[in-house]
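Got your viewer open? Let's take a walk through this model, picking residues as we go.

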Amino acid sequence: MPLRCLLALAGLAAICGARAEGLTAQRLGVIYDLDQSSSRDIALLYAAQRAVPAENVVGIHLPDARVMTPESFSPIRERVLGQLPARVQSLLLVWSKPYAVGCMSMTSAFAAGYRSAFCQPGCARTPPNPLFDSDGWLPADTVGWWPAMLLPTSDPVLARELIKRGLSAENRGPPGVLYLVHTEDKVRNVRAATYAGAAVVLSHRLAVEELSTPITHEVSNAIGYFTGAVHVEEMPLIRFRAGALADHLTSRGGILEGGDQMPALSWIARGATASYGTVSEPCSFLEKFPNVAVLFAHYTHGETALEAYWKSVKMPGQGLFIGEPLSRPYAEHRP
């Protein structure tokens with residue numbers, strides 16, 4: 001449910017319209033790399049486990065590189081969209097690399113097409129997300145976007161485990177605790193200014209707990225964990241529920257291999273079901289990172305991880321969305 005709708009319930013905004021149908025397996029395209037056996041195997045497993053129609057599954061050839069050039073990417077995207085049924089509204093990309101197109105993330109480039117304006121050099125604002133805090137989910141039909149999520153396959157065992165997490169999360173929440181973490185890193189702690197408001201909005205849906213680093217005790221039953229740091233030192237202490245979302249605000253969390261900062265993939269390896277990180281320098285614009293109140297307003301009202309994460313970022317051009325897109329621990333709460 002849009003955050004503005006939650007405020008409406010308190011008499012603080014206009015009443016929202018009826019919800020359109022959300023993301024389903026029938027509306028998800030699954031794209032894999034023909035040159036990687038693990039990519040193909042995981043894609044076919046996912047399609048079978050989630051009952052994705054066979055015509056929604058498309059194989060493509062990708063370079064063995066972390067970053068694609070826009071020139072090589074654009075015809076591939078055009079070919080994929082041309083092969084998919086018209087009903088497809090969102091995409092699952094089943095590989096680990098490439099994870100970027102120029103300075104855009106792979107997921108945002110597939111969603112909106114490559115445009116340099118989505119990742120202007122230096123500290124600059126980038127084009128807005130027309131899906132931010134929106135109602136319903138027909139993005140291809142309404143705005144011509146195919147929002148995507150990457151399911152990394154560099155570790156096939158982890159990829160299979162991630163699929164299991166998404167399946168086992170169905171209708172599992174609540175309970176669960178949303179952890180909002182304050183750090184001593186002034187540059188990366190900027191999202192902490194939004195925590196109090198998020199707690200007010202979300203506290204009637206789930207338990208919300210604010211923590212401060214250093215954290216030396218076990219953090220249990222986490223359905224969400226959000227912080228700002230280059231490396232999350234307390235990671236071994238976090239115990240995630242199936243369906244958990246987690247990310248850390250930093251510049252290069254979306255660089256999944258060879259970066260000098262903790263990658264978003266570390267959250268998946270620890271037990272989260274979806275995460276987010278940027279692939280090029282975003283500076284400290286909050287709009288380029290998930291808004292926790294918006295993210296969990298949608299997630300706890302039964303939307304999928306892909307829907308909720310995409311609706312939470314105002315400027316997603318540099319942001320890589322990773323995880324299991326159809327995870328819905330609060331499915332029974334969808335209106």
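Before the first stop, you need one term: a salt bridge here is a side-chain nitrogen of Lys or Arg within 4 Å of a carboxyl oxygen of Asp or Glu. Keep in mind as well that you're looking at a predicted model.

**Stop 1: salt bridges**

There are 14 salt bridges in the structure. Select glutamate 55 and arginine 87: their closest N and O atoms are 2.8 Å apart, so by the 4 Å cut-off they form a salt bridge. Now colour the chain by sequence position and see where the two partners come from. Glutamate 55 sits in the loop between helix 2 (37-50) and strand 2 (57-60), while arginine 87 belongs to the loop between helix 3 (70-83) and strand 4 (90-94). That puts them 32 residues apart, and the pair links distant parts of the chain. Are these two buried or exposed? Neither, quite: glutamate 55 is partly exposed at 45% relative accessibility, and arginine 87 is partly exposed at 33%.

Next, select arginine 328 and glutamate 170, whose side chains meet in a salt bridge at 3.6 Å, N to O. Arginine 328 lies in the segment after strand 13 (319-323), and glutamate 170 is in the loop between helix 6 (156-169) and strand 8 (177-182), so this pair ties together parts 158 residues apart in sequence. Glutamate 170 is partly exposed, with 29% relative accessibility.

Hop over to glutamate 218 and arginine 239, another salt bridge, with 3.5 Å from N to O. Glutamate 218 is in the loop between strand 9 (207-212) and strand 10 (219-227), and arginine 239 is in strand 11 (residues 238-248), so parts 21 residues apart in sequence get tied together. On accessibility, glutamate 218 comes out partly exposed at 46%, and arginine 239 partly exposed at 33%.

Before you leave, which residues join Lys97 in a network of salt bridges? Select Asp64 and Glu257 along with Lys97 to see the linked set.

**Stop 2: aromatic rings**

Time to show the ring side chains: the count comes to 15 aromatic pairs. Start with tyrosine 299 and tyrosine 330, an edge-to-face pair with 6.0 Å centre to centre and 65 degrees between the planes. Tyrosine 299 lies in helix 9 (residues 292-299) and tyrosine 330 in the segment after strand 13, so the pair ties together parts 31 residues apart in sequence. Switch on the surface and look for them: tyrosine 299 is buried at 0% relative accessibility, and tyrosine 330 is buried at 1%.

Now select tryptophan 310 and phenylalanine 321. This aromatic pair is stacked, with centres 4.4 Å apart and 20 degrees between the planes. Tryptophan 310 is in helix 10 (residues 305-311) and phenylalanine 321 is in strand 13, 11 residues apart. Tryptophan 310 is buried at 0% relative accessibility, and phenylalanine 321 is buried at 0% too.

Widen the selection to see their company: Phe118, Trp145, Tyr276, Phe289, Tyr309, Trp310 and Phe321 form one aromatic cluster.

**Stop 3: leucine 34**

Finally, click on leucine 34, in the loop between strand 1 (28-33) and helix 2. Leucine 34 is partly exposed, with a relative accessible area of 41%. What does leucine 34 touch, leaving aside its neighbours within four places in sequence? Show Gly59, Ile60 and His61, which are in contact with leucine 34. To end, draw a distance from its C-alpha atom to that of phenylalanine 240, 206 residues apart along the chain: the separation is 33 Å.

Methods: Residues numbered from 1 in each chain as written. Predicted model: local features only at pLDDT ≥ 70, side-chain atom pairs only at ≥ 80, totals over all residues. Heavy atoms only, no water. Helix = DSSP H or I, 4+ residues; strand = E, 2+ residues; numbered from the N terminus. Buried < 20%, exposed > 50% of the residue type's maximum accessible area, 1.4 Å probe, protein only. Phe/Tyr/Trp six-rings, centres within 6.5 Å; stacked < 30°, edge-to-face > 60°. Contact = heavy atoms within 4.5 Å.
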